Amino acid sequence: DTCVTCHEAQKAGYENSLHYKKADDRTPEALKSCETCHGPGSKHAGDPEKQKLRKFTNAKADDVNQVCVTCHTSGEHALWAGSKHEARGVSCASCHSVHNAKGEKQLKAENQAKVCATCHQQIVNKLNRFDHMPVRENKMQCSSCHNTHGSTNTKMLRVGDSAAELCTSCHADKRGPFLWEHAPSRDGCVTCHDAHGSSNDRMLVAKQPFLCQRCHAPSGHPGTMYDATQVQTSVRIFARGCVQCHAAIHGSNHPAGNRFLR
């Protein structure tokens, strides 16, 4: 009550946040209210100009994080210490706002993609390509795959210890094991696919057959299948390129599937 006599603008945001749930003894409101995060306020109330409280907008990242991790130390936040974001000087206040949140989870923007785009603009731009992750339709969000607060996986991925394990947690039909395995599938889905979006079909990093020819020398098949001399006579120009015949490209369990034809 004392704080809002001056800080009325911050009141609404705070009261609409999870921090204000006084019935939950884990929240700041149940502890010391504003002083839980901003520090003792009696001297500040007597002389606001000379006795400043902790202000998160201009504090060092380590100082901000130290306050937040006094409560947020488990679940999503258990691996924050030593994470990539923590190591690179990202503070909790870089993404979250207690008093002026615009999205869920106290985010400073309307959705996760807009928050992430403040640093990862090039990655978020890929979501606007014609073949993309369903993030812009609100069917997924960045945290569906990444735990931004820390992970034991590469690229802060949520599941497993590789990109392939994360992808197959949804795309289980591509997991295997297969009788005949395709080496790139073992190396990782991102060998062939751009996980955030692509201008090529199926989010491929390159158009077929050029993608396949990165590994496969074209000696067995004409390497100029898009050349004018081949277009009139070759059916490989149509449909899906190499996978028109090699349909089981992720792996095959057929006894005669060593060429991934079935």
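I count a residue as buried when its relative accessible area is under 20%. By that cut-off, buried residues make up 27% of the 262 in the protein chain. Note to self: this is a predicted model.

**Overall build**

I looked up the secondary structure, and the protein chain has 12 helices and 4 strands. Next I checked the radius of gyration: 26 Å, well over the 18 Å that the globule rule gives for 262 residues, so the chain is more spread out than a compact globule. Along the principal axes, the C-alpha trace spans about 90 × 35 × 30 Å.

I then pulled the contacts between residues at least 6 apart in sequence, and 41% of them join residues at least 24 apart. For surface, I have about 17,600 Å² exposed by the protein chain, with carbon and sulfur atoms supplying 54% of it.

**Salt bridges**

How many salt bridges does the structure hold? I get 7. I went through some of them, including the three below.

R26 and D24 pair through their side chains, at 2.9 Å from N to O. R26 is exposed at 62% relative accessibility, whereas D24 is partly exposed at 24%.

E76 and R158 also form a salt bridge, with 2.9 Å from N to O. I wanted to know what this pair connects. E76 sits in the loop between α5 (61-68) and α6 (84-87) and R158 in the loop between β1 (131-132) and α10 (163-168), so the bridge ties together parts that are 82 residues apart in sequence. Both ends came out partly exposed: E76 has 35% relative accessibility, and R158 has 32%.

K126 and D194 make a salt bridge as well, 2.8 Å from N to O. This pair links distant parts of the chain, 68 residues apart: K126 is in the loop between α9 (121-125) and β1, and D194 is in the loop between α11 (183-187) and β3 (197-198). Buried or exposed, K126 and D194? I find K126 buried, and D194 too.

**Cysteines**

I searched the whole structure for disulfides and found 0. I checked C192 anyway: its nearest cysteine sulfur belongs to C215 and is 7.2 Å away. A disulfide here needs the two sulfur atoms within 2.5 Å, so that distance rules the pair out. For C245, the nearest cysteine sulfur is that of C242, at 8.8 Å, and C245 is in no disulfide either. C245 is partly exposed, with a relative accessible area of 47%.

I also looked at where C142 sits, which is the loop between β1 and α10. Leaving aside residues up to four places away in sequence, C142 touches Q112, A113 and C116. I took one C-alpha distance from it as well: N111 is 31 residues away in sequence and 9.5 Å away in space.

**Aromatics**

The structure holds 1 aromatic pair. Y14 and Y20 form it, edge-to-face, with 5.4 Å centre to centre and 80 degrees between the planes. I checked cover on both rings' residues: Y14 is buried at 9% relative accessible area, while Y20 is partly exposed at 32%.

**A loop residue: T70**

T70 is in the loop between α5 and α6. I have it as exposed, at 59% relative accessibility. From T70 to A117 the C-alpha separation is 28 Å, for 47 residues along the chain.

**Backbone oddities**

For context, most residues other than glycine have a negative phi, and most peptide bonds are trans. I went looking for exceptions.

Which residues does a cis peptide bond join? I found one between G176 and P177, with omega about 5 degrees. P177 lies in the loop between α10 and β2 (180-181).

K155 is not a glycine, yet its phi is positive, near 55 degrees. I placed K155 in the loop between β1 and α10, and it is exposed, with a relative accessible area of 56%.

F260 is another non-glycine with a positive phi, near 60 degrees. F260 lies in the segment after β4 (251-252). Why do I class F260 as buried? Because its relative accessible area is 12%, and the cut-off for buried is under 20%.

Conventions. Residues numbered from 1 in each chain as written. Predicted model: local features only at pLDDT ≥ 70, side-chain atom pairs only at ≥ 80, totals over all residues. Heavy atoms only, no water. Salt bridge = Lys/Arg side-chain N within 4 Å of Asp/Glu carboxyl O. Buried < 20%, exposed > 50% of the residue type's maximum accessible area, 1.4 Å probe, protein only. Helix = DSSP H or I, 4+ residues; strand = E, 2+ residues; numbered from the N terminus. Phe/Tyr/Trp six-rings, centres within 6.5 Å; stacked < 30°, edge-to-face > 60°. Rg over C-alpha atoms; globule rule 2.2 N^0.38 Å. Contact = heavy atoms within 4.5 Å. Areas by Shrake-Rupley, 256 points an atom, 1.4 Å probe, with all protein chains shown as cover.
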